[in-house]
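Please open the structure in your viewer and keep the selection tool at hand. The tour below proceeds stop by stop, naming what to select and what is to be found there.

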Amino acid sequence: MHLLSASCVRALLFATLLRQVSGLETVVGLYGETFEIPCNIGAMKAEDIMITKWKYDKGAGLSGDLLVKQRDQDVSISATDEYKGRVSMGANSSLLLSAAKLTDQRTFTCMVVVGADIPEYPVNVVIYKTPAGLEISDKADELEIGKLTKLGTCVAKDSNPAANITWLKNNAPLVADGKGVSIQASVLVDPDTGLSTTTSSLEISAEKEDADAEFACSTRPIVGSELVSSPATFTITYSTENIVLQVTAQEPLVEGGNVTLKCLADGNPAPTAFNFHLKGELVKVENADTYTITNVSRDSTGEYKCSLVDDPTMEASKDITVSYLDINLSPSGSIVKKAGQALDLTLQINASGDSKVSWTKDNVKLDKEPEFTKLTFADSGRYECEVTMGLLSQKDFLELVVEGVPVIRRLSKKRGEDGSHKVLICEVEGSPKPAVSWSINGTSLDESPFVNGKITHKITVVPAANLTVSCSVSNEFGADSRTINVSSHQSDDNDQTKLVVGVVVGLLLATVVIGLAYWVYMKKSKQGSWKTGEKEDGSSEEEKKLEEKVEENSQKAEV
């Protein structure tokens, strides 16, 4: 067997073919198959041909006979050696050659006898064979970034002419550049069959993107479709260039929670050992890339790092904050104070961030923090503060009770809906709840709920005469009392009569005043007419109007 470069073999083959086919008809045969070589007799008629003979060029100026056919006789096979049993005559005097071999690449001649003429028709034969297949062998276990490494060998077996192999990455051709891509090809010729086997080796300096790349080899034979090998992928190895520290924890991270640190490196294969720097403490972890801190506290807040054991300078860091919120309300709980005293209320906040404070009294929102410079009964109630910081919140409360001597804030009366009775209302403040009593008996007693030291007591009375009613309140700290005058229903009627009489008297007095004014006016008017010589009748119309006004007022007074 002879080892030649693929380009050299292809050049020699095509140069030979060109010399052979120059000026001759060429017929292509496929290796191992039967093909037909035509006898181009042109315009000759078959019945004019007396003898047809086929021969082949043996080289060195010699020829070999294959078969002869005389008119009206059967074909006579004269072939010996390699063509014995492989030749026959087809239609139109063509030669049929079976089991084509590369040695059949020569000139075959058809000779015919027509009368006194004996023309010859030479035909050149070329045999093609497609490679048996393509496959990548000697595959690399892994490829290293930046280092020229043999990826594999592609082999195209038993072809003619020799296959030209192209390497592909993700279906794109690779071209040797002497740096990142190197391709070496060779051709091995089988001395028995003459078939060629092409071998192509690829060396490549891989890139990180090649981790998912598919490599293949292909060839495009002269006859038939393109052949492509099965794709192959390779592990790409490279050193760690970047490292990242991931922190996994519930949000927000509060005291008592857990934190998981994970160190991610982009090397391949990934590192299997890491150092975790835990606020001055170094922890080495092997065959894992995580470390969990349990039951964190506010003191756990700070910077954390991870680094490679093999290269401590390759590190990453992350700040971790443990959120906390403490409040102290003083005083808190249930507190009892005396009315008039001062109460110093303080709220202390200790938090890891900015916080917001809100207050309520008896579930009603307050605009600001309560202040108690001088306690009143109205200050009694449940005060609740809520401090929030993000998703964290804390609450505390003050249940304030203000005690002292009861005070009647207001004692009032109003007429009942039917007009025949009176409703007396005594509004009281005090704590503990004061007892309320009246100086007279009434009906329809009504007492409001005792809330924040306030209570309202009502009674309904129907007085037969004018009288003075007192409301008295008391508790363990003292007592208070107030009185109110209540008139009877008859007295109320007399009062109404007096009011009507007063209105009538007022109207009569108004009539007298108007009459007097009229008399003065008339007197002055007459004096004016004497002086000016005007007629008395000149102001009669005005006098008429004034008289009508006096008369109208007189009628109102009579009513």
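Begin by selecting W438 and C471: C471, in β39, is the bridge partner of W438. The model on the screen is a predicted one.

**First stop: the strands around β39**

Widen the selection to strand β36 (residues 435-438) and strand β39 (residues 467-475), which pair in the antiparallel sense over 4 bridges. Next, add strand β40 (residues 478-486); β39 and β40 also run antiparallel, and 9 bridges join them. To see one of these positions, select T468 together with N485, its bridge partner in β40. How many residues does the hairpin between β39 and β40 pass through? The hairpin joins the two strands through 2 residues. As you look along these strands, recall that in a regular strand the side chains alternate between the two faces of the sheet.

**Second stop: the disulfide of C471**

Return to C471 and add C426 to the selection. A disulfide joins C426 to C471, with an S to S distance of 2.2 Å. The angle about the S-S bond is -95 degrees, and the link of C426 and C471 is left-handed. This pair links distant parts of the chain, for C426 lies in strand β35 (residues 422-431) and C471 in strand β39, 45 residues apart. Are the two cysteines buried or exposed? C426 has a relative accessible area of 0% and is therefore buried; C471 is likewise buried, with a relative accessible area of 0%.

**Third stop: C263 and C306**

Now select C263 and C306, whose sulfur atoms are 2.1 Å apart and form a disulfide. Here the link is right-handed, with 70 degrees about the S-S bond. C263 belongs to strand β22 (residues 259-265) and C306 to strand β26 (residues 302-308), so the pair ties together parts that are 43 residues apart in sequence. Both C263 and C306 are buried.

**Fourth stop: C39 and C110**

Move on to C39 and C110, which are joined by a disulfide with an S to S distance of 1.9 Å. The link of C39 and C110 is left-handed, with -65 degrees about the S-S bond. C39 lies in the loop between β3 (35-37) and β4 (51-59), while C110 is in strand β9, so the pair ties together parts that are 71 residues apart in sequence. C39 counts as buried because its relative accessibility is 7%, and C110 counts as buried at 0%.

In total, the count comes to 4 disulfides. With bonded cysteines counted along the chain, the disulfides follow the pattern 1-2, 3-4, 5-6, 7-8.

**Fifth stop: T109**

Select T109, which lies in strand β9 (residues 107-113). Its relative accessibility is 12%, so T109 counts as buried. Which residues is T109 in contact with, leaving aside its neighbours within four places in sequence? Display K53, W54, K55, E120, Y121 and P122 to see these contacts of T109.

**Last stop: a patch on the surface**

Finally, turn to the surface and select V28, L30, I222 and V223. These residues form a nonpolar patch, with about 290 Å² of accessible area together. Of this group, centre the view on V223, which is found in the loop between β18 (215-219) and β19 (227-228). V223 has a relative accessible area of 33%, so V223 is partly exposed.

How values were computed
Residues numbered from 1 in each chain as written. Predicted model: local features only at pLDDT ≥ 70, side-chain atom pairs only at ≥ 80, totals over all residues. Heavy atoms only, no water. Buried < 20%, exposed > 50% of the residue type's maximum accessible area, 1.4 Å probe, protein only. Contact = heavy atoms within 4.5 Å. Pairing = 2+ DSSP bridges. Patch = residues over 30% accessible without salt bridge, like charges linked within 9 Å, V, L, I, M, F, W, Y side chains within 5 Å. Areas by Shrake-Rupley, 256 points an atom, 1.4 Å probe, with all protein chains shown as cover. Salt bridge = Lys/Arg side-chain N within 4 Å of Asp/Glu carboxyl O. Disulfide = S-S within 2.5 Å.
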